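Please read the following account with the sequence and the model side by side, turning to each region as it is named.

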Amino acid sequence: AILAQAFGFKRLQLEALRPSAGAWCVPVPTQAAAMPSYYETIDGEKLDKAIIDECRKALEGQGDGRVSKDDAAKVFAKVEDGGKETRCERWTMRYCLTSFNFTEAALDWIVEVCKKVPQEDAEAEPAAKKARTEEATSYYEIIDGVECDRAIVDACREAIKGRGDGRVSIDDAKAVFAVIEDGNKVTRCERWTVRYCLTEFNWTEAAQEWVTEATKKVAQE
């Protein structure tokens, strides 16, 4: 009351400013509420969690355990929700297309529609379109912001260079696999490189299945 009088307030005015017993008061939070994470870290890379979760939902207790074309449309909705495909989303799609089982129709459809979405921070010339790096001395090649194994990418480039139908055949796949397993293990860098190569180069179905199964049998670092 003394302080109130000192500042020119009357007691009744102070009482009027106090909330009544039944008034709604917002408690002071002791800790900020945890926000759901936009990302999920898989094999050392930050990926778009919403895209991966949509693929997971597609396989939950229904159908034949594959991502159908209808499911793919829901996955694509997560990819294009910002009106563009970011680098994170591109690597997320490379992960999903090689880790989840898509029907052929779903796979063909989503690959084509993703190409039509504006690409953020995309390279002017995709690595899969570049020539083999004959004079390169580095073990790595930075592709779309991620360190990849140059020798694996070069083996794929060599496979489609001026011969055949422009696809990686089973014989080509065996040459690529020889580079993958040269250290008797598959490193994280090599796994991401294989994911890149399987989605950016054109493989025959038999070659893709062969190299995928062969790679699974090698020790994973």
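Angles under 35 degrees between helix axes count as roughly parallel. That cut-off is needed for the helix pairs described below, in what is a predicted model.

The overall plan comes before the details. The chain holds ten helices and four strands, and read along the sequence these elements follow the pattern α-α-β-β-α-α-α-α-β-β-α-α-α-α. Of the 221 residues in the chain, 36% are buried. Among the contacts with a separation of 6 or more, 68% join residues that lie 24 or more positions apart.

The helix pair that calls for the cut-off is α3 with α5. Two packed helices are described by the angle between their axes and the distance between the axes. For helix α3 (residues 49-58) and helix α5 (residues 87-99), the angle is about 25° and the axes are 9 Å apart. Because that angle falls under 35 degrees, α3 and α5 count as roughly parallel to each other, and the crossing by which α3 passes α5 is right-handed. On the α3 side the contact is made by Ile51, Ile52 and Cys55, and on the α5 side by Glu89, Thr92, Met93 and Cys96. Sorted by class, the residues of this contact of α3 with α5 comprise five nonpolar, one polar and one charged.

Helix α3 also contains Glu54. Is Glu54 buried or exposed? With a relative accessible area of 12%, Glu54 falls under the 20% limit and is therefore buried. Once the neighbours within four places in sequence are left aside, the residues in contact with Glu54 are Lys74, Val75 and Lys78. For Lys78, which is 24 residues from Glu54 in sequence, the distance in space is 8.0 Å from C-alpha to C-alpha.

Further along the chain, strand β3 (residues 140-143) and strand β4 (residues 146-149) run antiparallel and are joined by four bridges. Two of the pairings can be followed residue by residue: Tyr140 has Asp149 as its bridge partner in β4, and Glu141 has Cys148. The hairpin of β3 and β4 has two residues between the strands, and within this hairpin Asp144 takes a positive phi near 50°. In a regular strand the side chains alternate between the two faces of the sheet. Such an alternation can be traced along β3, where Glu141 and Ile143 point to one face and are buried, whereas Tyr140 and Ile142 point to the other face and are not buried.

Next comes helix α7 (residues 150-159), which is mostly covered, eight of its ten residues being buried. The buried residues of α7 are Arg150, Ile152, Val153, Asp154, Ala155, Cys156, Arg157 and Ala159, and they pack against β3, β4, α8 and α9 (188-200). Which category does Glu158, also in α7, belong to? At 28% relative accessibility, Glu158 lies between the limits of 20% and 50%, and so counts as partly exposed. Leaving aside neighbours within four places in sequence, Glu158 is in contact with Arg132 and Arg163.

From Glu158 the path leads on to Asp172: the two residues are 14 residues apart along the chain, and their C-alpha atoms are separated by 8.7 Å. Asp172 is found in helix α8 and, at 13% relative accessibility, counts as buried. When residues up to four places away in sequence are not counted, Asp172 touches Ala159, Arg163 and Arg167. Arg163 is thus a partner both of Asp172 and of Glu158.

The last step is the packing of helix α8 (residues 170-180) with helix α10 (residues 205-216), whose axes come within 9 Å and cross at roughly 25°. By the cut-off of 35 degrees used before, α8 and α10 are therefore roughly parallel to each other, and their crossing is right-handed. In this contact, Ile170, Ala173, Lys174, Phe177 and Ile180 of α8 meet Ala206, Ala207, Trp210, Val211, Ala214 and Thr215 of α10. By class, the contact of α8 with α10 consists of nine nonpolar residues, one polar residue and one charged residue.

Note on methods. Residues are numbered from 1 along each chain as its sequence is written. This is a predicted model: local features need pLDDT of at least 70, side-chain atom pairs count only at pLDDT 80 or more; totals for chains, interfaces and linings use all residues. Side-chain values use heavy atoms; hydrogens and water are left out. Axes are lines fitted to C-alpha atoms, for helices over the stretch in contact, and angles run from 0 to 180 degrees between N-to-C directions. Angles under 35 degrees count as roughly parallel, over 145 as roughly antiparallel, 65 to 115 as roughly perpendicular and the rest as oblique. A crossing is left-handed if the near helix is turned anticlockwise from the far one by less than a right angle, and right-handed if clockwise. Contact means heavy atoms within 4.5 Å. Ala, Val, Leu, Ile, Met, Phe, Trp, Tyr, Cys and Pro count as nonpolar, Asp, Glu, Lys and Arg as charged, and the others, Gly among them, as polar. Two strands pair if DSSP finds at least two bridges between them. Buried means under 20% relative accessible area, exposed over 50%, partly exposed in between (1.4 Å probe, protein chains only).
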